[in-house]
Amino acid sequence: MGPSNSISGRVLILNLDDAVTSIIVDPLLEFRTHKMDLQWIRKKTVEENAQTIRGIIHDFQITVGHVGSCDPDIYRSTYEKIKNIKGIFDDFGNFSDEEKERLRYHIYLFLKMWDPNSGYTIRECLRYSSDTYRGGALYATCDFKKGEWISELKGCIAPLPPEIYAELIVVGRNDYSIQLSSRNGQQLWLGPAAFLNHDCRPNCKIVPTGPHSAQVLVLEDIKANEELLIYYGERFFGEDNIACECRTCESIGAGAFSNGNTAVRRSPVKFNSGNFSLRMTGNRRRRADNKDGRKSTIVNEETAEADANENIPKSEPIDEPPKRRKRRRSSLAFDQSSCPGVVHREPEIPSSYDLERPLSTES
Ligand SMILES: C[S@@+](CC[C@H](N)C(=O)[O-])C[C@H]1O[C@@H](n2cnc3c(N)ncnc32)[C@H](O)[C@@H]1O
């Protein structure tokens with residue numbers, strides 16, 4: 001499969017996800033979220049059109065909110081409005097038609113973050129000193145029951161062969177979403193689900209739906225406004241997750257909060273006040289990580305689904321239960337009847353976009 005009729009892993013990693021988060025996420029959060037390409041600067045066009053983009057997405061929220069479902073026509077017209085911003089897709093001038101379809105689909109995936117019917121949204125997260133950029137976190141916008149799928153929240157999996165790893169990955173800077181699977185080697189998890197943070201007592205888990213796509217399953221009842229949290233694995237934050245800064249660890253004095261653990265900061269770091277600025281690197285905690293410095297989850301299962309399940313503790317991950325989180329009332333709380341956790345309408349997925357089809361790793 002050549003680059004002419006397939007998108008390369010490198011393009012997906014460097015262009016697609018970074019560009020779409022720049023266009024669809026950053027203007028609304030008003031800071032620069034994680035990027036794989038460390039050279040990535042917000043393209044001037046996005047910068048100049050941030051207000052226009054915010055207007056388009058606010059209109060999208062209102063319209064789709066009135067309709068009460070993830071209406072495909074509204075996704076399409078919103079995509080067209082964004083596409084019509086002069087120069088916004090200049091980076092993709094050389095894309096084949098199929099790659100352009102993938103771009104469109106990727107934009108749809110991220111628009112769901114702002115769709116009041118999708119069941120989740122993104123907010124700024126200042127909790128983790130290990131974020132080398134200003135972080136995001138995903139929150140439920142309606143109640144979910146244990147066993148339900150948050151089907152509008154999707155992840156994309158790109159293979160990360162050693163040559164691309166060596167070329168692109170800088171440990172501690174852009175390795176935020178790398179998983180190691182015994183079956184599939186290094187993988188990069190992108191898409192909206194790459195904003196899910198880790199908790200040693202997770203309320204969700206990611207389940208691959210194919211070799212290159214994943215969905216989110218609810219592990220315990222979730223109320224609107226609660227953060228959606230998954231379990232990355234036993235060693236993502238060093239041996240025994242010693243550098244984990246999750247609320248569960250905080251509540252029981254484990255991970256970064258264990259006695260005598262001086263390797264990490266105990267409180268969220270302060271950011272530069274300006275929009276779109278990077279976190280000061282001096283604030284980064286030292287990594288308590290495995291030998292080669294890579295954060296990885298080593299799994300042994302045979303199937304892709306098992307790869308994801310392996311990331312979930314088989315028994316309770318922590319003996320002592322976490323303190324109960326206070327549940328705040330959500331200003332965005334929806335009736336369960338209008339909650340997309342129950343009824344979903346998929347926005348139109350381009351026919352040529354086959355999530356199951358392997359992505360080429362050629363550049
Ligand atoms: C897949 S990203 C999750 C979203 C992240 N907040 C962001 O905006 O990119 C994983 C990164 O989030 C941060 N993170 C998530 N959960 C954490 C935890 N429990 N303790 C420390 N850092 C965490 C770390 O920087 C980690 O590399």
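**View 1. The side chains of E245 and S129 meet in a polar contact of 2.4 Å.** Welcome to this predicted model; we start at E245. This residue sits in the loop that runs between strand 9 (229-230) and helix 7 (247-252). Is E245 buried or exposed? With a relative accessible area of 6%, E245 is buried.

**View 2. C204 is a buried cysteine, at 0% relative accessibility.** Look for its closest cysteine sulfur and you will arrive at C142, 11 Å from the sulfur of C204. That is too far for a bond, because a disulfide needs the two sulfur atoms within 2.5 Å.

**View 3. C246 takes part in no disulfide.** Here the nearest cysteine sulfur belongs to C244 and is 3.5 Å away. C246 counts as buried too, with 1% relative accessibility. How many disulfides does the model have under the 2.5 Å rule? The count comes to 0.

**View 4. At the start of the chain, residues 1-6 have pLDDT under 50.** For this stretch the model has 16 contacts beyond four places in sequence. Residues 264-363 also have pLDDT below 50. Leaving out near neighbours in sequence, the model gives residues 264-363 a total of 250 contacts. Please keep the confidence values in mind when viewing either stretch.

**View 5. The protein chain as a whole has a mean pLDDT of 72.** A pLDDT of 70 or more is reached by 66% of its residues. As for the overall scores, the model has an ipTM of 0.99 and a pTM of 0.76.

Terms used:
Residues numbered from 1 in each chain as written. Predicted model: local features only at pLDDT ≥ 70, side-chain atom pairs only at ≥ 80, totals over all residues. Heavy atoms only, no water. Helix = DSSP H or I, 4+ residues; strand = E, 2+ residues; numbered from the N terminus. Buried < 20%, exposed > 50% of the residue type's maximum accessible area, 1.4 Å probe, protein only. Polar contact = N/O pair within 3.5 Å; in protein donor to acceptor, adjacent residues only side chain to side chain. pLDDT = per-residue confidence, 0-100. Contact = heavy atoms within 4.5 Å.
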